[in-house]
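Subject: Handover of a structure and notes on what was found

Dear colleague,

Please find below the structure that I am handing over to you. My notes on it follow, for your consideration.

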Amino acid sequence: MTAEHEQAGATPRRGRRRWSVAAAATRVFRSPSPVGHWDGAEGQDRFRSAYRTAFRDLPKSAAPLDVRTDYGLVRVYRFAGTTDTAVPLVLLPGRASASPVWADNLPSLLTIGDVYTVDLLGEPGMSIQDRPITGDDDQAAWLHQVLEALPEESFHLVGLSIGGWTAANLALHQPARIETLTLIDPVYVFDDMPWRTIARSLPASLSWLPKSWRDSFNSYTAGGAPVEDVPVAHMIEAGMKHYSLKLPQPVRISEDRLATLDMPVLAIIAGRSVMHDAQTAAGTAERALPVGAVHTYEDASHAISGEYPERIAKDIAAFTAAHRATTPGS
């Protein structure tokens, strides 16, 4: 294990953060590398410093696990829950946010059971992509390989924003180890992204523009909340500036495909999200999901995970308990 893959120091959290990632920006200019990469050692060091600072707000974790997949090395952290359960939660973050984005959520989620967090492959974080990811099949393959490397037989998979799409994509391609699926304000799952949000993301994707442009976009996704003094927001901005994504554009999941999901699905929609129309997204989920529940948090922005951590944990706990007797591996 290299020095770069040593665990960021975990210390008690310094207070609640009303922040969650929704960095939907994509790079306008392409580079010749076929995999995600940093713009240099200085930018990578800046991100990792911000990552370590933000990680201090998480509860203490076990030693990090780096899982070798066909597409690269995936960083996973395990947090011991306060309740004994055979089926842990696996949390997938939003774009450019990595494991520290769950600082607000982990204390309440750990009352449900053990929790794993994953740094998405091909995104800024401690995971290292070393082979191209070219389509939905590849996205599902690397994540399935991560779950196969963990000791448990099945998992409650939870995805935020682009992590929600990643979770749903895995459920469509490799559902065997997923006991329940929770999608927290997912993008490209229940509705398309509005053109206004896409347009606002473009300046934020230009690394040579001032930091204030990226902060402005991140504040926009968080309902106008200030982000300048939030550790995880510093980490997200550093990732947006210094990391070049080499991932395929997510394909919007059709209602017909959603209807094929055979595990229970909990959809949590932010009523003030800028990543989709909340009413449309909730309607799609209600029509398409064969076994599921749809909760709309009317006053939530796309920063919903940081705004309503206890409510989200309560809804996940109730949902997983309700379906425990009817799903495999219970």
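Which residues have the most contacts inside the largest nonpolar core? They are W142, L181, F190 and L261, within a core of 50 residues. Helix α4, residues 162–173, supplies the largest share of this core, with seven residues. Setting aside neighbours within four places in sequence, L261 touches A171, L172, L181, L289 and P290. There is also a second, separate core, which has 44 residues and includes A54, V115, V230 and M240.

Overall view and confidence

Please bear in mind that this is a predicted model. The average pLDDT of the protein is 87, and 85% of its residues score at least 70. Two stretches call for caution. Over residues 1–30 the pLDDT stays under 50, although the model has 126 contacts beyond four places in sequence for them. Residues 325–330 also stay under 50, and for these the model has ten such contacts beyond four places in sequence. Where pLDDT is low, the predicted coordinates should not be read in detail.

The protein contains eleven helices and eleven strands. Of its 330 residues, 60% are buried. Among contacts with a separation of 6 or more, 81% are between residues 24 or more positions apart.

Strand β3 and its partners

Strand β3 is a convenient place to begin a closer reading. Seven of the eight residues of β3 are buried, so the strand is mostly covered. Three strands pair with β3, as described in turn below.

Strand β2, residues 65–69, runs antiparallel to β3 and is joined to it by five bridges. The two strands form a hairpin with two residues between them. Within this pairing, V67 has V74 of β3 as its bridge partner.

Strand β6, residues 128–129, is also antiparallel to β3, and two bridges join them. Here L73 stands opposite I128 of β6.

Strand β5, residues 115–118, pairs with β3 in the antiparallel sense over four bridges. In this case the bridge partner of Y77 is T117 in β5.

Y77 itself lies in β3, which covers residues 72–79. Is Y77 buried or exposed? Its relative accessible area is 0%, which is under the 20% cut-off, and Y77 is therefore counted as buried. The side chain of Y77 makes a polar contact of 3.0 Å with the side chain of Y51. The C-alpha atom of Y77 is 6.2 Å from that of L65, a residue twelve places away along the chain.

Strands β5 and β4

In β5, V115 and T117 point one way, while Y116 and V118 point the other way; all of them are buried. V115 also appears among the residues of the second core. Besides its pairing with β3, β5 pairs with strand β4, residues 89–92, in the parallel sense over three bridges. In that pairing V90 stands opposite Y116 of β5.

The loop after β4

Two alanines in the loop between β4 and α2 deserve your attention. Most residues other than glycine have a negative phi. A96 has a positive phi of about 65° although it is not a glycine, and A98 likewise has a positive value, near 60°. A96 is found in the loop between β4 and α2, the latter being residues 106–109, and A98 lies in the loop between β4 and α2 as well. Both are buried: the relative accessible area is 3% for A96 and 2% for A98.

Helix α7

How many residues does helix α7 have? The helix has twelve, residues 231–242, and reaches 17 Å from its first C-alpha to its last, close to the 16 Å expected at 1.5 Å a residue. Ten of the twelve residues are buried, so α7 is largely enclosed by the rest of the structure. The buried residues are P231, V232, A233, M235, I236, E237, A238, G239, M240 and H242. One of them, M240, is included in the second core.

With kind regards

Methods: Residues numbered from 1 in each chain as written. Predicted model: local features only at pLDDT ≥ 70, side-chain atom pairs only at ≥ 80, totals over all residues. Heavy atoms only, no water. Buried < 20%, exposed > 50% of the residue type's maximum accessible area, 1.4 Å probe, protein only. Polar contact = N/O pair within 3.5 Å; in protein donor to acceptor, adjacent residues only side chain to side chain. Core = buried A, V, L, I, M, F, W, Y, C linked by side-chain atoms within 4.5 Å. Contact = heavy atoms within 4.5 Å. pLDDT = per-residue confidence, 0-100. Pairing = 2+ DSSP bridges. Expected span 1.5 Å × (residues − 1).
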